[in-house]
Amino acid sequence: MTFMMKYICLIFCFFALGYMSVEAQAKTALINGSSFTDNEGKVINAHGGGFLKVGNYYYWIGENRKQGVFVSCYRSKDLMNWEFRGDLLTRQSHPELDSANIERPKVIYNSKTKQFVMWMHYEYGRDYSYARAAIATSGDIEKPFTFVKSFRPFGNMSRDCTLYKDDDGSAYFFSSARENYDMMLYKLTDDYTDVKTQIATLWPGGHREAPALVKRGKYYFLMTSGCTGWAPNQAMYAFSESISGPWSELKNIANSTTFDSQSTFILPLVGNKTTSYLYVGDRWDGKQYFKSGYIFLPLAFENDSTMTLSWRDTISINVKTGKMK
Ligand code: GAL
């Protein structure tokens, strides 16, 4: 071998080894309840978050809370290996965010305005008395969002919340109102930057929060938690053929602490073998917030309207087939 050939061989081996070690680091499963880490080994700060697919990527957008950052963005092709893509909303984004507290951000895409629209729970100062919703928008899901406003929809208090974009492009906002006694349902305006109508008050006096909605077959399923702050409690769900109701009675799901978690999102995963429904919950550590973990579990359906959730220590997701184990 000439010196040049040895040199080329060496360079080739160097890159091959480098590639293999990156491959070897790729996660093939997630450990439920732990603080998941990104591809740089850093803890993922995306609590109370939501998910959406854009192109080949799943985006995970949630609460960051570190160093004046409110909302951060991660992406993944397989839902297990996540790459940090940037901060979408910080204390500096707008004067109204100066002393704010932002929780449960959710993002949907408006194909008419070509904007990503974020709705979230907005508080000002230390307590939860502002009880407002807030909105921000961006033309690029990975770039900083522009804060639009904070407000009380139709004058109602608004705390834990979620956003849902239906198949026909209509979008809805669910949020806990009246000191969390009522779950309100609003339809959004066509550009998704305001509420258009107040559709329903779900389970008045039911004291539900942490809403997460999914549609499967002919039913919508809404999962919620009780109201015990950072402490976990029994999750419940209801189903309905129409988003505006009538909704069924609430039924228990999972165990009495929802496996020590609180719902934040349900992500449908359409594969070539099956469609799965991924429950995403936060395992809060209220005292040491950054030690909070995540729970990814597949929801199961005993029949068209009966949803169940069982514990598993780890989860492995195959986005191609849609199978989770
Ligand atoms: C929970 C709520 C969280 C956070 C927490 C504060 O009930 O779901 O998002 O607001 O209370 O105590």
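## A buried serine in strand E9

Ser150 counts as buried, because its relative accessibility is 9% and the cut-off for that class is under 20%. In this model, which is predicted, Ser150 belongs to strand E9, the stretch made up of residues 146-151. The C-alpha atom of Ser150 is separated by 8.8 Å from the C-alpha atom of His121, although the two residues are 29 residues apart along the chain.

## Asn110 and its polar contacts

Another buried residue is Asn110, which is placed in that class because its relative accessibility is 2%. Asn110 is part of strand E6, and its side chain reaches the backbone nitrogen of Lys112 at a distance of 2.9 Å. A polar atom of the Asn110 side chain also lies 3.4 Å from the backbone oxygen of Asp191.

## Strands E6, E7 and E8

Strand E6, which covers residues 100-110, pairs with strand E7 in the antiparallel sense, and nine bridges connect the two. Within this pairing, Tyr109 stands opposite Phe116 of E7. E6 and E7 together form a hairpin in which four residues lie between the strands, and Lys114, which is in the turn, has a positive phi of about 60°.

Strand E7 spans residues 115-124 and is mostly covered, with eight of its 10 residues buried. E7 is also joined by seven bridges to strand E8, residues 132-138, and these two strands run antiparallel. Here Met118 stands opposite Ala136 in E8. As a general point, strands of a sheet pair through backbone hydrogen bonds, in either a parallel or an antiparallel arrangement.

## The open sheet of E2 to E5

Four strands make up an open sheet, in which the order is E2-E3-E4-E5 and the pairing is antiparallel. The edges are formed by strand E2, residues 47-54, and strand E5, residues 83-90, each of which pairs on one side only. From one strand to the next, the twist averages 25°.

One pairing in this sheet can be followed down to individual residues: strand E4, residues 69-76, pairs with E5 in the antiparallel sense over six bridges, and the bridge partner of Tyr74 in E5 is Phe84.

## The surroundings of the ligand

The residues around the ligand are Glu103, Arg104, Tyr128, Asp160, Glu209, Gly229, Trp230 and Gln262. By residue class, this shell divides into four charged, two polar and two nonpolar residues.

Polar atoms of the protein lie close to oxygen atoms of the ligand in several places, and the distances can be given for Arg104, Gln262 and Gly229. For Arg104, a polar side-chain atom lies 2.9 Å from an oxygen atom of the ligand. For Gln262, an N or O atom in the side chain is 3.0 Å from a ligand oxygen atom, whereas for Gly229 a polar backbone atom is 3.2 Å from an oxygen atom of the ligand. Taken alone, the ligand exposes 310 Å², and the protein buries 90% of that area.

Key:
Residues are numbered from 1 along each chain as its sequence is written. This is a predicted model: local features need pLDDT of at least 70, side-chain atom pairs count only at pLDDT 80 or more; totals for chains, interfaces and linings use all residues. Side-chain values use heavy atoms; hydrogens and water are left out. A residue is near a molecule or strand if one of its heavy atoms lies within 4 Å of it. A polar contact is a pair of N or O atoms within 3.5 Å; within protein, one must be able to donate a hydrogen and the other to accept it, and residues adjacent in sequence count only if both atoms are side-chain atoms. Accessible areas come from the Shrake-Rupley method with a 1.4 Å probe; for residues, only the protein chains shown count as cover. Ala, Val, Leu, Ile, Met, Phe, Trp, Tyr, Cys and Pro count as nonpolar, Asp, Glu, Lys and Arg as charged, and the others, Gly among them, as polar. Two strands pair if DSSP finds at least two bridges between them. Axes are lines fitted to C-alpha atoms, for helices over the stretch in contact, and angles run from 0 to 180 degrees between N-to-C directions. Buried means under 20% relative accessible area, exposed over 50%, partly exposed in between (1.4 Å probe, protein chains only).
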